[in-house]
Protein chains: 2
Amino acid sequence: MYKSVTKFIDDNLDNSIEDIKTLCRIPSVAAKNEGLEEAAELVEKMFKDIGLETEIHETSGASVVTSWLNVGAKRTLLFYDHYDVQPAEPFDLWDSPPFEPEIRNGRLYGRGVADNKGDTVSRIWTVKAFKDTGTDLPVNIKFVVEGEEEIGSVNLPEYTEKNTDFITADGGIWEFGGEGIHGKQEAWLGLKGIFFVELQVERLSRDVHSSTACILPSAAYRLIWAVNSLKDQDSNILIEGFYDGIKPLTDAELDAIEKIDMREEELKKVYQIEEFLNGLEGDDLKKAYYEDPTCNICGLTSGYQGKGSMTVLPARASCKIDFRLVEGMHPDDIHKKLRKHLDKKGFTDIKIPYLEGYPAAKTPVDHPFVKIVEKANQRVFGDLVIHPTSPGSGPLYLFKKYVPMVSIGCGDYESKTHSPNESFVVENYRKSMHRLVAIMDEMSKW
Amino acid sequence: MYKSVTKFIDDNLDNSIEDIKTLCRIPSVAAKNEGLEEAAELVEKMFKDIGLETEIHETSGASVVTSWLNVGAKRTLLFYDHYDVQPAEPFDLWDSPPFEPEIRNGRLYGRGVADNKGDTVSRIWTVKAFKDTGTDLPVNIKFVVEGEEEIGSVNLPEYTEKNTDFITADGGIWEFGGEGIHGKQEAWLGLKGIFFVELQVERLSRDVHSSTACILPSAAYRLIWAVNSLKDQDSNILIEGFYDGIKPLTDAELDAIEKIDMREEELKKVYQIEEFLNGLEGDDLKKAYYEDPTCNICGLTSGYQGKGSMTVLPARASCKIDFRLVEGMHPDDIHKKLRKHLDKKGFTDIKIPYLEGYPAAKTPVDHPFVKIVEKANQRVFGDLVIHPTSPGSGPLYLFKKYVPMVSIGCGDYESKTHSPNESFVVENYRKSMHRLVAIMDEMSKW
């Protein structure tokens, strides 16, 4: 089936990778509001170049690029992608410049290649392969490509709420996925929610000589005491009511989890750890992975951070924290509870600007579209490992009512998304396009 | 007395300030091991230019520059200074470039002008004034100028232990001092000790996507828990035995303190604080200032510190801490106790490299040389406020046995040493040279 299409994909692999490189050379870091317009325009151009209709939807933040091709098929497939990337810091840990992608030992390296510019291009090139070979597409196609995924899709609701018809489809492919540590492809049916906040302390008009620490208050220590109060050393989150309303995993989800092999020893080697958090292992480890919310420090800043010693009492200190939320929790509610917690502990002066947030969402593990993706994967890669949810976050909640989403992609467990030396395996990228062809084929038989 | 000498000082004020600027243009930041040799050579040249003998003493670190002039007088005056400076970070808070000094509204701004390149030059120029006017010096002169004061004078003992004859003198002027918030000049008779350490935590092979925080350990949280365990919210330091052996203030010192007006309300305005640490005021505030050791965070670092959000679980976290020590405490002992504390709390993995350290030392408040400085100050400035010790640190302990030291200088309470926009008042600088002339005169009558 569709031999000419997959042959076109293989024959033009270098060309499609060239498109990824071009897109990745734009440092479209949403956190810094840099390069977003340029990246949106390039994505729009890519759609136009393959003959698709497009529309740019302005929002209060970055634009949402949509594109579509209605071939009059019974089924419609929607893709959700994003053209923004995480910051590339710390730059000195990259083996090659983050925004100058290059292939080494069969992997393409660069910020955004795996999350998710490579996938975006793979989806565009799969549609291109049908068109350029004169092959009828078996399904109608829709694309939603946003530019603020890495900062919590803060303005995406402005688009989705006004375009529920467009985002309605029979099946949807979410932005990421790939090969697990067990060598099998993985699909993710849900995403945790997120609440990202910064704790900001200011105690003095300016940094002063640290000898005065005997009589002046310390912003840094105040931050330490406040952050310490949020979580104990067994990782219990101490904010009152934090765990209220959490929906436990369903029996169907527990069944799905049972089949999953975490490959604990291999993961320990990857991360160079002797044990997982709190000594978790086996079923407890798996349950924590799918079911636990978190309170994680993404960044800590105060005072002098250079070499050697500088004796200063810093005026300011801050801590970036992301809370991963599971179904039943809401970021606004956690923000209120965090404020209440800090006030109760006497930290009324600590500011907590809300940086991003949205709730969790999941596609049911027994949805027919999940089976379609599983079958298609079998044709190209083999067995598919199905995760009821990713521990990561994404604005799936905006789409949940309108389309069953499954997240698959060209990455793997060594892709280092959000870290230096982000990469994917070129061969997986190639086969992920074959899988898309198979998904379209399977959908047409549904 | 010595009218021609003080006139020479006044007539050549611009020239001596030009020398400060030249010295301050060398960014001799000891913490970064930058510009030290260049600064040492310039200081040596300044001594040679006024006809003094000099010697450069190599150490395992920066060189010690000494200089002397023996006029066969009964008394000998020793100066202790340093040619290194603190780092200038954060650069963006400076109103003019830190290493391009400039005068604005009667103040000279630049890194090191007040701590202590201005004082160093003032002392050289005072001797020059005697020599250039053909006036006999009333005392013999010795200079010890080191290059690692800002990183704990780590190698200075290599010099002082081998040169006890040279550092023996009837009186010594320590590096810093100036005008207090009450408008009076201040002298400091002692210096607290210091123990500067960095707590370093590493928990993962690399930074990873923060979604994995549900199963992987957090270096940043581990640092928070460890640093939290060192000090409670009432600023009690919780390291076992930390306060053992501390010598309380003597009755003579308490008498001296009683005369001191802290000008609490004015200080609160300077620092923009509603209250001092733990609500301290009156006698308690004063006692804390002279008598309390500290455990202060100079710097905190982990993960992403840029704008907006980046969802990362950082592999590493670190905290720079300086402990100010009072008489009876020793940095090596505190280092051991800190290690024991962390081990006991389960933080055996946290590394604590010792960055600098030395004990406290004080000159007795009733020493005759203190009276001489007081008298000389009266002749030029008026009343002198005598502090039994500075809350700051310096390697006074190396000199204590050989020379009674008093710290005075050209700074003031707004000098912002160790901070952006370091400066001094030019008029105070001028008069501080007149005071040196008066000290030499008073010493000759002793």
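In this predicted model, the domain assignment splits chain A into two parts: domain 1 takes in 3–189 + 363–445, and domain 2 covers 193–246 + 293–358. Over C-alpha atoms, the centres of domain 1 and domain 2 of chain A sit 35 Å apart. Contact between these domains involves 8 residues of domain 1 of chain A and 7 residues of domain 2 of chain A. On the domain 1 side of that contact in chain A, there are 5 nonpolar residues, 3 polar ones and no charged ones.

Next comes the start of chain A. Helix α1 of chain A runs over residues 3–11, and its buried residues include A:V5, A:T6, A:F8 and A:I9. These residues share one side of α1(A), because the arc they cover around the axis is only 155°. Turn to the other side of α1(A) and the picture flips: A:K3, A:K7 and A:D11 are exposed there. As for what sits over the buried residues of α1(A), the cover includes α4 (113–132) and α12 (426–445) of chain A.

One of those covering helices, α4 of chain A, also holds A:N116. The peptide bond leading from A:D115 into A:N116 is cis, with omega near -10°. Another cis peptide bond links A:E89 to A:P90, and here omega is about -5°. A:P90 is not in a helix but in the loop between β3 (76–82) and β4 (102–104) of chain A. For context, most peptide bonds are trans.

Now for the pairing of the chains. Chain A and chain B each put 74 residues into the contact. Strand β12 of chain A (residues 296–303) supplies the largest share of the chain A side, at 8 residues. By type, the side of chain A that touches chain B breaks down into 34 nonpolar, 28 polar and 12 charged residues. β12(A) pairs with strand β12 of chain B (residues 296–303) in the antiparallel sense, over 5 bridges. Within this pairing, A:G303 stands opposite B:G299 of β12(B).

How do the two copies relate to each other? A turn of 180° with a shift of 0.1 Å along the axis lays chain A on chain B with an RMSD of 0.1 Å. The two copies are therefore related as by a two-fold rotation axis. The copies also meet through the same surface, because 100% of the interface residues of chain A are interface residues in chain B as well.

A:H418 gives a closer look at where the chains come together. A:H418 lies in the loop between β20 (411–412) and β21 (423–425) of chain A. A:H418 counts as buried because 26 other C-beta atoms lie within 10 Å. Setting aside neighbours within four places in sequence, A:H418 is in contact with A:Q86 from its own chain and with B:H209, B:T311 and B:V312 from chain B.

That loop between β20 and β21 of chain A also contains A:N421. A:N421 has a positive phi, near 60°, despite being a residue other than glycine. With 18 C-beta neighbours inside 10 Å, A:N421 is partly exposed. In chain B, B:S235 has a positive phi too, near 65°, and is likewise a residue other than glycine. B:S235 lies in the loop between α6 (219–228) and α7 (251–258) of chain B. B:S235 counts as partly exposed, with 19 C-beta neighbours inside 10 Å. Most residues other than glycine have a negative phi.

Methods:
Residues are numbered from 1 along each chain as its sequence is written. Chains are lettered from A and ligands numbered from 1 in the order in which they are written. This is a predicted model: local features need pLDDT of at least 70, side-chain atom pairs count only at pLDDT 80 or more; totals for chains, interfaces and linings use all residues. Domain bounds come from an automatic or database domain assignment. Two residues are in contact if their C-beta atoms, placed from the backbone, lie within 7 Å. Ala, Val, Leu, Ile, Met, Phe, Trp, Tyr, Cys and Pro count as nonpolar, Asp, Glu, Lys and Arg as charged, and the others, Gly among them, as polar. A residue is buried if 20 or more other C-beta atoms lie within 10 Å of its own, exposed if 12 or fewer, and partly exposed in between; C-beta atoms are placed from the backbone. Helices (H or I, at least four residues) and strands (E, at least two) are DSSP runs, numbered from the N terminus. The arc is that of the directions from the helix axis to the C-beta atoms. Two strands pair if DSSP finds at least two bridges between them. Copies are superposed by least squares on the C-alpha atoms of residues with pLDDT of at least 70 in both.
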